[in-house]
Amino acid sequence: MTSYRSDLLRLLDERGYIHQMTDAKGLDELAAREAVSGYIGFDATAPSLHIGSLVQIMMLRRMQQTGHKPVVLMGGGTTRIGDPTGRDESRKMLTDEAIAANIAGIRSAFENLLSFGDGPGDAVMVDSHDWLGSLGYIEMLQKVGTHFTVNRMLTFDSVRLRLEREQPMTFLEFNYMILQGYDFRHLAQSMGVRLQMGGSDQWGNIVNGVELGRRMDGAELFGLTTPLLTTADGAKMGKSAAGAVWLNEEQLPAYDFWQYWRNVDDRDVGRFLRLFTDLPLDEIARLESLEGAEINAAKRVLANEVTRLVRGDDAARAADATASETFAGGGAGADLPTLALPAEGMRIAAVLTELGFTASNGEAKRKLAEGAVRLDGAVVTDPAFPVTLSDGCSAKLSLGKKKHAVLVAAAG
């Protein structure tokens, strides 16, 4: 572990956030000398971010905890272009209304984790469309750019020969990275922002912004990236078997969010406690040293702490109480996922898939055949078993030991 002078880099380093920096010594000296404004950009492609973005939000929280100013950049401009990083196909174009609604939804996740206001250390949220939109550039790209593909451009001699000769390509082929670099320059000029942070896949875009500020304005800007975040089994952070793990309640109930953290791999507990909670490091060391069944206590702490930070105290308490009732008492906690069944009922395989417990009816059939499905405590193996409920009645459905739901009769 490197020895840093600044509280900011020391905290980021000891909790495992740092992967690369453009100038570690320069940034450390700056952060030790004065309060630094730093930003991370988030495109508004959905009404919520998922936990793959949580490590970035936590870095902004760490900035605020050490006396610096976090700037949340909503990519209202770049969302209209689409980040090609790690994508196999073009992103679907969104309307202005959809982007505005997404930004409003995303902001709610930040309000639990950052303190917003007008003070020197308060977080602020800005929208890149406020400056990129006035260029008139995005509208042109939307109308004209969709008719050109990089695939075809690479077949042109003028492009192919430049690549073979290792000559640089112009900004016209790489609009997103140019716009992202322009964002950094604009924030540096208008708000004094000196630092851009992001995931390791954004390293090239961040370096472009640092260099753009230096070339155009002689500004000394800095970049910092986090390691690629994967689980111990190699899966990308942010997904579960049932789909994305969203930060917002509207996209994912608090109990399901809590359960994701409660069910993490034993090997991830210590790392996730450092990244996603404010627990002291000595307490984290104690928790991650637990072995056997005792590690479940550490997972419960992880689930409670992350849920409290992201969803609030009430959500964490309710989820924990539901888990206690479900696992210890054998009941059906009030915070469990609920599915309303139609009057004619549903086949149990379809119920499992509708709840997201299984990805398909085929997977549901396999789980049923394995004896992993219980309805009110009784094992069900027939995928065609009809689940019907009278008005006012409910039933508890379980898949294995960790997935539970309450079935109710739909209101007539």
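1. A good place to start is helix H10, whose buried residues are Asn205, Ile206, Val207, Gly209, Val210 and Gly213. Please keep in mind throughout that this is a predicted model. H10 covers residues 203–217, which makes 15 residues, and its first and last C-alpha atoms are 21 Å apart, close to the 21 Å expected at 1.5 Å a residue. Just after the helix comes Gly218, with a positive phi of about 70°.

2. What do S5, H10 and S6 make together? They make a right-handed β-α-β unit. Strand S5 (residues 195–199) pairs with S6 in the parallel sense, over five bridges. If you would like a marker for that pairing, Gly199 stands opposite Thr226 in S6.

3. Strand S6 has another partner to look at: S1 (residues 20–21) pairs with S6 in the antiparallel sense, over two bridges. Here Met21 is the residue opposite Leu224 in S6.

4. Is S6 mostly covered or open? S6 spans residues 222–226 and is mostly covered, with five of its five residues buried. Phe222, Leu224 and Thr226 are buried on one side of the strand, and Gly223 and Thr225 are buried on the other, so that both faces are covered, given that buried means under 20% relative accessible area.

5. Leu224 deserves a closer look. The largest nonpolar core has 69 residues, and Leu224 is one of the four that touch the most other members, along with Phe110, Trp261 and Phe276. Leaving out residues up to four places away in sequence, Leu224 touches a list of residues including Leu9, Leu12, Ile18, Leu27 and Met59. Its contacts also include Gln20 and Met21, then Leu195, Gln196, Met197 and Gly198, and Ile206. Apart from that core lies another, of 21 residues, among them Leu355, Ala364, Val373 and Leu397. As background, nonpolar side chains in soluble globular proteins tend to be buried together.

6. On to the charged side chains: the structure holds 18 salt bridges. One of them joins Glu111 and Arg107, at 2.9 Å from N to O. Both residues belong to helix H4 (residues 96–111), where they sit four residues apart, about one turn of the helix. Glu111 is partly exposed at a relative accessible area of 44%, and Arg107 is partly exposed at 28%.

7. In helix H13 (residues 281–288), Glu283 and Arg286 are three residues apart, which puts about one helical turn between them. Their salt bridge has its closest N and O atoms 2.8 Å apart. Glu283 is partly exposed, with a relative accessible area of 26%, and Arg286 counts as partly exposed at 43%. It may help to recall that an α-helix has 3.6 residues a turn, so residues three or four places apart point the same way.

8. Which parts does the salt bridge between Arg300 and Asp320 tie together? The closest N and O atoms of this pair are 2.7 Å apart. Because Arg300 lies in helix H14 (residues 295–311) and Asp320 in helix H15 (residues 313–328), the pair ties together parts that are 20 residues apart in sequence. Arg300 is partly exposed, its relative accessible area being 27%. Finally, Arg61, Arg62 and Asp278 are joined into one network by salt bridges that share partners.

Methods: Residues are numbered from 1 along each chain as its sequence is written. This is a predicted model: local features need pLDDT of at least 70, side-chain atom pairs count only at pLDDT 80 or more; totals for chains, interfaces and linings use all residues. Side-chain values use heavy atoms; hydrogens and water are left out. A nonpolar core is a set of buried Ala, Val, Leu, Ile, Met, Phe, Trp, Tyr and Cys residues joined through side-chain atoms within 4.5 Å. Buried means under 20% relative accessible area, exposed over 50%, partly exposed in between (1.4 Å probe, protein chains only). Contact means heavy atoms within 4.5 Å. The expected span of a helix is 1.5 Å times one less than its number of residues. A salt bridge is a side-chain nitrogen of Lys or Arg within 4 Å of a carboxyl oxygen of Asp or Glu. Two strands pair if DSSP finds at least two bridges between them. A crossover is right-handed if, with the strands pointing away from the viewer, the path from the first strand over the helix to the second runs clockwise.
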